[in-house]
Number of protein chains: 2
Amino acid sequence: MDSKIFNLKAKLELYKAMTNGGNFADCPVRDVIQGISGKWSSLLVMALAEKPYRFGELRRLVPDISQRMLTQTLYDLQRDGYVHREVFPTKPPSVEYSLTDLGRSMFLPLQQLVQWAELNHDAVRDARAAFDAAQG
Amino acid sequence: MDSKIFNLKAKLELYKAMTNGGNFADCPVRDVIQGISGKWSSLLVMALAEKPYRFGELRRLVPDISQRMLTQTLYDLQRDGYVHREVFPTKPPSVEYSLTDLGRSMFLPLQQLVQWAELNHDAVRDARAAFDAAQG
DNA sequence: AGTGCTGGTCTCTTTTTGAGACTACCAATC
DNA sequence: GATTGGTAGTCTCAAAAAGAGACCAGCACT
């Protein structure tokens, strides 16, 4: 099978999936992508993929997130089923956040993207510098 | 080789990459991820992966993007080297946007994530419904 | 009695995004 | 020749999201 044709078909199928065949207002794929494409979502998923963390630990781990956004991002990730929240009756009570099975399965493709970013951030930085130098 | 240990090592390495070994303020991986995790970036990259599009075509293709955000997202994608912008001297002049080699190489892992979203959006929808039903 | 740790919420300000009017140019139409 | 329509945007103002930091309750330790 011609790999070019195969790739084009794959692209078209994903394109249709992402545009929901023209019904943009109610596209589940875009909905899911937007849920994980927030500013802090991917970072927290990456952190929790390493091991479960407590609220205060995450706050110290990511010092430039505000407490408000940490609360809200964890809430959203929990709502979408990526993160499990468990309260332990210690004193004071501690709360542990961990990835669910769904979260772990999402981590795999996310990992691919982060690996790409790790390999290519020099190219992006160079492109940005060249663009800015050309008085973009 | 024990695959669990291998996976843990891979996770730790990516975690380090994303946290830049503690230097959060200047982490190139987070910088790159944030550049492509905007609300419209991934959608436009997916569209341009299918074929080049002109400005007005993209606007009609994604009817719920504002002209202002389309302009700005394309500008940002161009600045980071994912998108090529070419003006044709027709009357009136037309502008074509296409993926660069860097953009096409980024499309590959992005595609994985979109495929995951396509396969799992039911699970996310169910999780969300269950969470909301439990008066989250 | 004061201090510190837990996991948050509340309010205020700043930044980002969205909605829509407006521009300039030209071609074809009425 | 005035009107309409298509090109790719910009500009302004309102709404939504995010950031900064004060504040809270409960308990342990000093």
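Me: Okay, checking my basics: strands are DSSP runs of E with at least two residues, helices are runs of H or I with at least four, and both are numbered from the N terminus. With that in hand, where is B:Pro92 found?

Reply: Good start! This is a predicted model, and in it B:Pro92 sits in the loop between β2 (83-88) and β3 of chain B.

Me: What kind of peptide bond joins B:Lys91 and B:Pro92, cis or trans?

Reply: That bond is cis, and its omega is about 0°. Most peptide bonds are trans, so a cis one is worth a look.

Me: And over in chain A, what is the bond from A:Lys91 to A:Pro92, cis or trans?

Reply: The A:Lys91 to A:Pro92 bond is cis, with omega near -5°. As for its place, A:Pro92 lies in the loop between β2 (83-88) and β3 of chain A.

Me: Cool. Switching to the DNA: which residues come nearest to strand D?

Reply: A:Lys39, A:Met69, B:Gln67, B:Arg85 and B:Tyr97 come nearest, out of 19 residues around DNA strand D. On the DNA side, 65% of the strand D atoms that come within 4 Å of the protein belong to sugar and phosphate.

Me: How far is A:Lys39 from a phosphate oxygen there?

Reply: A polar side-chain atom of A:Lys39 is 2.7 Å from a phosphate oxygen of DNA strand D. Chain B joins in too: an N or O atom in the side chain of B:Arg85 lies 2.4 Å from a phosphate oxygen of that strand. For B:Gly56, a polar backbone atom sits 3.1 Å from a phosphate oxygen of strand D.

Me: Which elements give two or more residues to that surface?

Reply: From chain A there is α5 (67-79), and from chain B there are α4 (55-61), α5 (67-79) and β3 (94-99).

Me: How do the residues near strand D divide by class?

Reply: You get 8 nonpolar, 4 polar and 7 charged residues in the surface near DNA strand D.

Me: Now strand C. How many residues surround it, and which are closest?

Reply: DNA strand C has 16 residues around it, and the closest are A:Gln67, A:Arg85, A:Tyr97, B:Lys39 and B:Arg68. Of the strand C atoms within 4 Å of the protein, sugar and phosphate make up 65%.

Me: What lies 3.2 Å from a phosphate oxygen of strand C?

Reply: That would be a polar side-chain atom of A:Arg54. A polar backbone atom of A:Gly56 is 3.1 Å from a phosphate oxygen of strand C, and an N or O atom in the side chain of B:Trp40 is also 3.1 Å from one. The elements giving two or more residues to this surface are α4 (55-61), α5 and β3 (94-99) of chain A, along with α5 of chain B.

Me: And the classes near strand C, how do they divide?

Reply: Into 7 nonpolar, 3 polar and 6 charged.

Me: New topic, helix packing! At what angle do α3 and α6 of chain A pack?

Reply: Helix α3 (residues 41-50) and helix α6 (residues 101-133) of chain A pack at about 110°, with axes 11 Å apart.

Me: Why are α3(A) and α6(A) called roughly perpendicular?

Reply: Angles of 65 to 115 degrees count as roughly perpendicular, so α3(A) and α6(A) qualify. On α3(A), the contact uses A:Ser42, A:Val45, A:Met46 and A:Ala49, while α6(A) brings A:Met106, A:Phe107, A:Leu110 and A:Val114. Those residues divide into 7 nonpolar, 1 polar and no charged.

Me: At what angle do α3(A) and α5(A) cross?

Reply: Their axes cross at roughly 75° and come within 10 Å, and α3(A) and α5(A) are therefore roughly perpendicular. The contact includes A:Leu44 and A:Leu48 of α3(A) and A:Leu70 and A:Leu77 of α5(A). By class, that contact has 6 nonpolar, 2 polar and no charged residues.

Me: Last one: how do α6(A) and α2 of chain B cross?

Reply: The axes of α6(A) and helix α2 (residues 28-36) of chain B come within 8 Å and cross at roughly 85°. Among the contact residues are A:Trp116 and A:His121 of α6(A) and B:Val29 and B:Ile33 of α2(B). The residues of this contact divide into 10 nonpolar, 1 polar and 3 charged.

Key:
Residues numbered from 1 in each chain as written. Chains lettered and ligands numbered in written order. Predicted model: local features only at pLDDT ≥ 70, side-chain atom pairs only at ≥ 80, totals over all residues. Heavy atoms only, no water. Near = heavy atom within 4 Å. Polar contact = N/O pair within 3.5 Å; in protein donor to acceptor, adjacent residues only side chain to side chain. Nonpolar A, V, L, I, M, F, W, Y, C, P; charged D, E, K, R; others polar. Axes fitted to C-alpha atoms, helices over the stretch in contact; angles between N-to-C directions. Parallel < 35°, antiparallel > 145°, perpendicular 65-115°, else oblique. Contact = heavy atoms within 4.5 Å.
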